[in-house]
Amino acid sequence: MKTSYDIIVVGGGHAGVEAALASARSGKSTALITIERSAIARMSCNPSIGGLAKGHLVRELDVLGGEMAKAIDATGIQFKLLNKSKGRAVWSPRAQADKIKYEKYMQDVLSAQPDLDIIESDARALEIQNNTLLGVYLHDGTLLNTKACILTNGTFLRGKIHIGPIQIPAGRYGELPSVGISDQLRDLGFTVGRLKTGTPSRISKRSIDFSKLEIQEGDKVPRAFSHSTKDFDPPNIPCWLAYTHEKTHEILRSALDRSPLYTGKIDGVGPRYCPSIEDKIVRFSDKTQHQLFLEPEWDGSSQWYVNGFSSSLPIDIQVRALRSVPGLENAEFIKIGYAIEYDYFPSFQIRRSLETKSIGGLYFAGQINGTSGYEEAACQGFIAAINAVRKLDNKPTIILERYEAYIGVLIDDLCSKETSEPYRMFTSLAEYRLLLRWDNAHLRLLDASKEIGLQTHDMVSLFEKVKKETYILNKLFVKTRIGTDNHLNIPIDTTSSLALLVRQQKITEDDVLNLQKYYFPEYLLDSVDQAYVQVRYEGYIERQLKQVKKTKQLEEKRIPQNFKYAAIASLSNEGREKLIKFRPETIGQATRIRGISPADIQVLLVFLSKRPPYILPV
């Protein structure tokens, strides 16, 4: 085994996978340290990729050169575009995964990657001198020297599983926790918190009465996540919908005094938007039923996931409650549900590069930053690795702004908002979501992708072609006129331009294919679709672009990291406290920190122009 690497990644979850691949593909000697090699890329919770806003993240990661989109396209068993009844801004792709094939796909990709070693071990401590990371210690005392380390420990940092009164030290059920690093970083001055998440029971397919459930099929014409996927023809294996009812809720309520959530045994805060079933019936006591999605965990799976029924209740209560659900009266349990709490590091301690503020060369990515979800983790792992590589190469940091990408929204939120509960990405968190559609990630992030340099030449050429054709088609939509006798079968009284008919919604989403076929056959379908959306929402897009122009002025006004906030008496007490805590990198970021007033921003702008003595000595 080597004893020195350019970059070491700790943790083999979804953040670790993307971080290790991005580092090695950038030409850096890389080690991925994981407790169990066979558990790399494991889907320990919901076996799916994408969903509301999460699908946007995966598409963006694909454009930049990540692997997750390709993996789900190759291993998905059902694909669906969500929110089709609403506007384009909130459409999001989602896929049910064959979890066995998914983790094997990722493990095979990692194993074949040059410059990447997979080390099956536990990282117990970090070698740090003069606030600079120098290495990682394995459980047997071996020191691996490195120039940068990315911690992606997920739920493993002092992980503890709860099932009623039972407590088990574990990172996931049946897997050992990671110990040592949390205590070391706490001793070095890091703030450490506790969060909680959970997973539901798995039951046997043969015990489910599907005649009492509602079928949930995927799209008949599915869309791939990755732009590079060809000949896309995945299976369409249905999921099923069940409902709890009052009897279920009565059983759950009867055991709240046995739930570690309500007896004080769990200290960590759980996810607001994915609560356990016992939390649901308390917080939404007016609801007489809750949806449960029954999902196969792989193609031909006998093990089914009960999405919506995560629980930390005792085993007997979980069994009784689930068996009260119509269709699940004879449910046979393969795995029981559980809650898990784990250490995380509140993310005011990282920069937007995802490097920690106090230790040079140390990066955090994934649930260690307080996020939840495979997709959020994967994007952080990728960005952390790219910035670690660029730091070693003396290149500027890659920062995606809020108006450029959901990845930018995610990281900016982490760095400017206090994360007291697991962070989950939603379209509502993006103020420029009409600009950040899932379908135009390749146009938005083309320049960033070229700067990073991990995307293939063929894909970059394709993205450039779509961008050029879209620009031309925008003009052709205005120039091209059609009459009463047209190929789109649109009932109109007079000759009109395509642009006008699109804005009047007489040409709809369903007509885009025929638009390309009959009017623009020499252009790519993707280009025609992009032009259609840009013409359709032109007024709204222009309005958001004007807002972005104003925002850019604040984002370009940088604040030195050694700025002496304590010396400015005219700042409000709360504003000064928050500025010292978060140390925002730009004025724009400072405006998004809760507790900093517009008056504080004006004071900052004045004093930034004065520089000394408001800059601390380096």
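Trainee: What makes strand 12 and strand 17 count as a pair?

Mentor: The number of bridges settles it. Two strands pair once at least two bridges are found between them, and two bridges join strand 12 to strand 17 (residues 333-335), so the pair meets that cut-off. The strands run antiparallel, and Arg202 has Lys335 as its bridge partner in strand 17. Do keep in mind that we are looking at a predicted model.

Trainee: How do you know that strand 12 also pairs with strand 18 and strand 16?

Mentor: By the same kind of count. Strand 18 is joined to strand 12 by seven bridges, in an antiparallel arrangement, and Thr199 has Tyr338 as its partner there. Strand 16 (residues 303-310) is also antiparallel to strand 12, over four bridges, with Arg202 standing opposite Tyr305. At least two bridges are needed for a pair, and therefore both of these qualify.

Trainee: Why is strand 12 called mostly covered?

Mentor: The term buried applies under 20% relative accessible area. In strand 12 (residues 193-204), eleven of the twelve residues are buried, hence the wording.

Trainee: Lys99 next. Is this lysine buried or exposed, and how do you know?

Mentor: Lys99 has 10% relative accessibility, and because the limit for buried is under 20%, this lysine counts as buried. Lys99 sits in helix 4 (residues 99-112).

Trainee: What makes the approach of the Lys99 side chain to Met43 a polar contact?

Mentor: The distance is the step to check. The side chain of Lys99 reaches the backbone oxygen of Met43 at 3.2 Å, and the limit for such a contact is 3.5 Å, so the pair falls within it. Leaving out residues up to four places away in sequence, Lys99 touches Met43, Pro47, Arg202, Glu297 and Trp298. Arg202 is the residue we met in strand 12, opposite Tyr305.

Trainee: How do you know how many disulfides the structure holds?

Mentor: A disulfide needs two cysteine sulfur atoms within 2.5 Å, and the structure holds zero of them. For Cys149, the nearest cysteine sulfur is that of Cys415, 18 Å away. For Cys379, the nearest is again that of Cys415, at 14 Å. Cys149, at 0% relative accessibility, counts as buried, and Cys379 is buried as well, with a relative accessible area of 1%.

Trainee: Which strands are the edge strands of the open sheet ordered 3-5-4, and what makes them so?

Mentor: Three strands form that sheet, with antiparallel pairing. Strand 3 (48-50) and strand 4 (76-82) are its edges, since each pairs on one side only. Neighbouring strands here are turned by 15° against each other on average, with direction ignored. Between strand 3 and strand 5 (residues 92-97) there are three bridges, and Ser48 stands opposite Gln96.

Trainee: What makes Leu185 stand out in the largest nonpolar core?

Mentor: That core has 99 residues, and Leu185 is one of four that touch the most other members, along with Leu126, Leu151 and Leu362. Helix 9 (residues 374-392) gives the most to this core, eleven residues. Setting aside neighbours within four places in sequence, Leu185 contacts Leu126, Ile128, Leu151, Phe190, Phe345, Leu362 and Phe364. Another core, of 28 residues, lies apart from it and includes Phe520 and Val535.

Trainee: What makes the phi of Leu354 worth a remark?

Mentor: Most residues other than glycine have a negative phi. Leu354 has a positive phi near 75°. This leucine lies in the loop between strand 18 (338-344) and strand 19 (362-364), and is buried at 0% relative accessible area. Gln505 also has a positive phi, near 65°, in the loop between helix 14 (498-503) and helix 15 (512-518).

Trainee: Where do positive phi values fall in the hairpins of strand 8?

Mentor: In the hairpin of strand 7 and strand 8, with two residues between the strands, Asn130 has a phi near 50°. These strands are joined by six bridges, with Thr132 opposite Gln129. In the hairpin of strand 8 and strand 9, with four residues between the strands, Gly141 takes a phi near 95°. There, three bridges make the antiparallel pair, and Val136 is partnered by Leu144.

Technical notes:
Residues numbered from 1 in each chain as written. Predicted model: local features only at pLDDT ≥ 70, side-chain atom pairs only at ≥ 80, totals over all residues. Heavy atoms only, no water. Buried < 20%, exposed > 50% of the residue type's maximum accessible area, 1.4 Å probe, protein only. Polar contact = N/O pair within 3.5 Å; in protein donor to acceptor, adjacent residues only side chain to side chain. Contact = heavy atoms within 4.5 Å. Axes fitted to C-alpha atoms, helices over the stretch in contact; angles between N-to-C directions. Core = buried A, V, L, I, M, F, W, Y, C linked by side-chain atoms within 4.5 Å.
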